[in-house]
Amino acid sequence: MEDWDFKTIIEPFRIKMVEDIPILTRAQREANLDRVGHNLFRLQSSEVTIDMLTDSGTGAMSGNQWGALANGDESYAGSRSFAQLHQVVRRLTGYQHIFPVHQGRAAERIMARTVLPPGKVVLNNTHFDTTRANIEQAGAIAEDIPVALAHDPATTDAFKGDMDLDALELALATRRDEIALVMLTMTNNAVGGQPVSMANIEAVSARCRAAGVPFFLDAARFAENAWFIHTREPGYADWSLHQIARRFFELSDGCTMSAKKDGIVHIGGLLCTNKDDWADLFRNELILGEGFITYGGLAGRDLAALAVGLDEALDPGYLRYRSRSIAYFAEGLESVGVPVVRPPGGHAVFVNAGALLPHIPPEQFPGQVFAAAMYLEGGVRSVEVGSLMFPEAGLELCRLAVPRRVYTQSHVDYVIEVAARVAAKAASLRGYQIVEAPPFLRHFLATLAPL
Ligand SMILES: *Cc1c(COP(=O)(O)O)cnc(C)c1O
């Protein structure tokens, strides 16, 4: 891999199982959009040509993962598959207590219900939507303290996912007793999938340890974050990706992890910690809501596939292809006049819909307008990440997430062509109003109508 001097970074895999892609007429897509209240979460997958709604649980498992799956041990207690997973996670992270859960939000919910008392504060570079919702449901307070650069989509700084250290220091100095937990979400999904630097992780860890405040990682995209540290941060070019990951896990007191991202599995998650007292609370809550400690709401085969996926996600050849193909996607969109958040993140391209559609104000959801237009023009499903999903986010984005190992370069070229058509019509697109919306995580089920 090191002497690869071709311009083309090929998909470092070949395909041995295929799945048909639905092709629809424009009239069908138009009718579908009306039927679902212009919310793409409500579409059937059979109505979507290229599905970039999420990179969560949508990856293609390898032959080795499918093989591990067939060998899964479904014993209720003491499953061999759990032992395999435990060994991999221990080696990768060094954490003392390792609990499987059915997905990332189950880890968040267990944590929120056990160690986040009402009124206490969690600080995060930016909370992911389910993390915030679980914290608030427990009566605690989720506060975001990203660096100021995070909200500037044009700057190309390498680590726009960092936490604002001045804001952290001020909070620890003036209201230490209110703060129950500090978290770093890596990569920082809500601000464009931007990575967190090792320097920032070290600084946050040191300040939390000095103040005696627990520090957790939201490690959903730990492998992509490790790749950005390896390639962008001075001093880490000679570190292996496993060494980098081990280093940042060791700087923390634990993590929540959605394994549906960099675990490259269809379902799964982890809750880990070095804190013995918290582990006792987690264990009890896990058994109450998820299942026994050696399966945590998953089948044994899921644990086995995850044990393989966690290592595959740290393969340098895979991560080089993944980051290059996402950069290619971003460059292609810019070349057809679609502004994107720079630099491109690790799992998605975030279109700056606010900049493309300046005539549509935030309260009329320009990100949703762009997403719906991509569906109408070419059957591409994406997701708004702006005022509809995160009322406090400050950016009006539309995320085109790239499932792991699923789409090829010709699929990406097609999506770029669809986006070019949307950009050509930008001035004629109109905003949305909400017809109906639930109180939590409203973007999942809200219905909208064009103004
Ligand atoms: C996906 C995700 C979660 C929640 O995980 P689920 O597996 O979807 O429940 C939490 N944090 C981040 C950063 C995520 O991307």
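In this predicted model, P214 is a good place to start: this proline lies in the loop between α7 (198–211) and β6 (215–218). P214 counts as buried, because its relative accessibility is 13%, below the 20% limit for that label. Several residues surround this proline. Setting aside neighbours within four places in sequence, P214 is in contact with A180, L181, V182, D253, K275 and W278. The C-alpha atom of P214 is also separated by 9.2 Å from that of I179, a residue 35 places away along the chain.

Two of the contacts of P214, K275 and W278, lead on to another arrangement. K275 lies over the face of W278, at 5.0 Å from the ring centre. A further lysine is placed in a comparable way: the charged end of K261 sits over the ring of F128, and the distance to the centre of that ring is 5.4 Å.

Aromatic rings also meet one another. A pair of aromatic rings is described by the distance of the centres and the angle of the planes. With a limit of 6.5 Å between centres, the model holds 11 aromatic pairs. One of these is formed by F222 and F249, whose centres are 5.8 Å apart and whose planes make an angle of 50°. The pair is called tilted because that angle falls between the 30 degrees that bounds stacked rings and the 60 degrees beyond which rings are edge-to-face. Distant parts of the chain are linked by this pair, since F222 belongs to helix α8 (residues 222–232) and F249 to helix α9 (residues 241–250), with their positions 27 residues apart. Both F222 and F249 are buried. These two phenylalanines also take part in a wider group, as Y95, F222, F248 and F249 form one aromatic cluster.

Not every phenylalanine is hidden in this way. F6 is found in the segment before α1 (26–35), and F6 counts as exposed because its relative accessibility is 58%, over the 50% limit. Together with W4 and I10, F6 makes a nonpolar surface patch of about 320 Å².

The backbone deserves a look as well. Most residues other than glycine have a negative phi, and most peptide bonds are trans. Against that background, two cis peptide bonds can be described. The bond from M186 to T187 is cis, with omega near -5°, and T187 is found in the loop between β5 (179–185) and α7. A cis peptide bond also joins R342 and P343, where omega is about -20°. P343 is located in the loop between α12 (316–335) and β9 (348–352).

Positive phi values can be described in the same way, and H38 and R405 provide examples. For H38, phi is near 55°, a positive value in a residue other than glycine. H38 has its place in the loop between α1 and β1 (50–51), and because its relative accessibility is 9%, H38 counts as buried. For R405, phi is near 65°, again positive in a residue that is not glycine. R405 sits in the loop between β12 (397–401) and α15 (409–424). With a relative accessibility of 14%, R405 counts as buried too.

Note on methods. Residues are numbered from 1 along each chain as its sequence is written. This is a predicted model: local features need pLDDT of at least 70, side-chain atom pairs count only at pLDDT 80 or more; totals for chains, interfaces and linings use all residues. Side-chain values use heavy atoms; hydrogens and water are left out. Rings of Phe, Tyr and Trp (its six-membered ring) pair if their centres lie within 6.5 Å; planes under 30 degrees apart count as stacked, over 60 as edge-to-face and the rest as tilted. Helices (H or I, at least four residues) and strands (E, at least two) are DSSP runs, numbered from the N terminus. Buried means under 20% relative accessible area, exposed over 50%, partly exposed in between (1.4 Å probe, protein chains only). A charge sits over a ring if NZ of Lys or CZ of Arg is within 6 Å of the ring centre and within 35 degrees of the ring normal. Patches are made of residues with over 30% relative accessible area and no salt bridge: like charges are joined within 9 Å, nonpolar side chains (Val, Leu, Ile, Met, Phe, Trp, Tyr) within 5 Å. Accessible areas come from the Shrake-Rupley method with a 1.4 Å probe; for residues, only the protein chains shown count as cover. A salt bridge is a side-chain nitrogen of Lys or Arg within 4 Å of a carboxyl oxygen of Asp or Glu. Contact means heavy atoms within 4.5 Å.
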